[in-house]
Amino acid sequence: MAQAKINAKANEGRFCRSSSMADRSSRLLESLDQLELRVEALREAATAIEQEREILLEMIHSIQNSQDMRQISDGEREELNLTANRLMGRTLTVEVSVETIRNPQQQESLKHATRIIDEVVSKFLNDLGSAKSHLMSLYSACSSEVPPGPVDQKFQSIVIGCALEDQKKIKRRLETLLRNIENSDKAIKLLEHSKGAGSVALQQNSESRFN
């Protein structure tokens, strides 16, 4: 009888210890789950800052190369460029890096996709129109919506092989490149229009002197 009580007491102790260990493990797991949410929130916030940095640099560069900057006095342009360069420098002091975990296949797919885009960019000066059309087909390959134009099927299969975060970055890069081309087209058209208007005005003044 006494032995039975001793055994029961020992079993009770083991049960209490097991129960305590299970509770402790559960609490630790819950803490890690909460930390995982915070880690993902941190990565998302850092990615948002990274994107904002890219947008700011693009906007500053766009202002410096805008048609309005060409239509002001040299003194005003110099002063505005100094301000723009100061803002550019301050923006570049913000360094944010969100590393993407990739397996070897995803790493190779990213290199391949980046190489294709770089090859198109290198053709900007030779044939901007053709490069723009090619970029549009690459962008359509990254879109989840029905594309308005042709889709580069080969590029699409390459992008699908990339990590999800890299897919988003590739799409953002293509969007930025297309916006830059669009802004360049507008600047060229405005410049041609101003030259054309100037030529017409010059011709009219010339004709009026002979009449």
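Trainee: Is aspartate 166 buried or exposed?

Mentor: Buried means under 20% relative accessible area. Aspartate 166 has a relative accessible area of 2%, so aspartate 166 is buried. Keep in mind that this is a predicted model.

Trainee: Which side chain does aspartate 166 meet in a salt bridge?

Mentor: A salt bridge pairs a side-chain nitrogen of Lys or Arg with a carboxyl oxygen of Asp or Glu. Here the partner of aspartate 166 is arginine 102, at 2.5 Å from N to O. Aspartate 166 belongs to helix H7 and arginine 102 to the loop between H3 and H4, so the bridge ties together parts that are 64 residues apart in sequence. Arginine 102 is partly exposed, at a relative accessible area of 28%.

Trainee: How many salt bridges does a search of the whole structure find?

Mentor: The search finds five. Another one of them joins the side chains of aspartate 118 and arginine 173, again with an N to O distance, here 2.7 Å. Because aspartate 118 lies in helix H4 and arginine 173 in helix H7, this pair ties together parts that are 55 residues apart in sequence. Aspartate 118 is partly exposed, with a relative accessible area of 36%. Arginine 173 also counts as partly exposed, at 31% relative accessibility.

Trainee: Where do aspartate 74 and arginine 77 lie?

Mentor: Both are in helix H3, three residues apart, which is about one turn of the helix. They form a salt bridge whose closest N and O atoms are 2.7 Å apart. Aspartate 74 is exposed, with a relative accessible area of 58%. Arginine 77 is partly exposed, with 22%.

Trainee: Let me step back to the whole chain. How many helices and strands are there in the protein chain?

Mentor: There are seven helices and zero strands. Reading along the sequence gives the pattern α-α-α-α-α-α-α. The chain has 211 residues, and buried residues make up 20% of them. About 15,600 Å² of the chain is exposed, and carbon and sulfur atoms supply 57% of that area.

Trainee: What share of contacts joins residues at least 24 apart?

Mentor: Take the contacts between residues at least 6 apart in sequence: 69% of these join residues at least 24 apart.

Trainee: Next, the interior. How many residues has the largest nonpolar core?

Mentor: The general idea is this: in soluble globular proteins, nonpolar side chains tend to be buried together. In this model, the largest nonpolar core has 20 residues. Those with the most contacts inside it are Ile117, Phe124, Leu135, Leu138, Phe155, Ile170 and Leu174. At least two residues of this core come from each of helix H4 (104–121), helix H5 (128–142), helix H6 (153–160) and helix H7 (164–210).

Trainee: Which residues does isoleucine 117 touch?

Mentor: Leaving out residues up to four places away in sequence, isoleucine 117 touches Leu138, Phe155, Ile170, Arg173, Leu174 and Leu177. Arg173 appeared earlier, as the salt-bridge partner of aspartate 118.

Trainee: Is serine 109 buried or exposed?

Mentor: Serine 109 is buried, with a relative accessible area of 13%. This serine lies in helix H4. Beyond its neighbours within four places in sequence, serine 109 is in contact with Ile158, Gly161 and Cys162.

Trainee: Where does valine 94 lie?

Mentor: Valine 94 is in the loop between helix H3 (74–92) and H4. Residues far along the chain can still be compared in space: valine 94 and isoleucine 49 are 45 residues apart in sequence and 9.1 Å apart, C-alpha to C-alpha. Valine 94 touches Ile49 and Arg53, not counting residues up to four places away in sequence. Its relative accessible area is 36%, so valine 94 is partly exposed.

Trainee: Which residues form a nonpolar patch on the surface?

Mentor: Ile55, Leu56 and Met59 form one, and together they have about 250 Å² of accessible area. Leucine 56 sits in helix H1 (residues 2–64). This leucine is partly exposed, at a relative accessible area of 35%.

Trainee: Which residues does UniProt list for "coiled-coil region"?

Mentor: The unreviewed UniProt entry lists residues 25–59 and 164–194. An annotation can be set beside the model. Residues 25–59 are 100% helix and 0% strand, and the end C-alpha atoms of that span lie 51 Å apart.

Note on methods: Residues numbered from 1 in each chain as written. Predicted model: local features only at pLDDT ≥ 70, side-chain atom pairs only at ≥ 80, totals over all residues. Heavy atoms only, no water. UniProt positions renumbered as here; feature names shortened; annotations may be inferred. Helix = DSSP H or I, 4+ residues; strand = E, 2+ residues; numbered from the N terminus. Patch = residues over 30% accessible without salt bridge, like charges linked within 9 Å, V, L, I, M, F, W, Y side chains within 5 Å. Areas by Shrake-Rupley, 256 points an atom, 1.4 Å probe, with all protein chains shown as cover. Salt bridge = Lys/Arg side-chain N within 4 Å of Asp/Glu carboxyl O. Buried < 20%, exposed > 50% of the residue type's maximum accessible area, 1.4 Å probe, protein only. Contact = heavy atoms within 4.5 Å. Core = buried A, V, L, I, M, F, W, Y, C linked by side-chain atoms within 4.5 Å.
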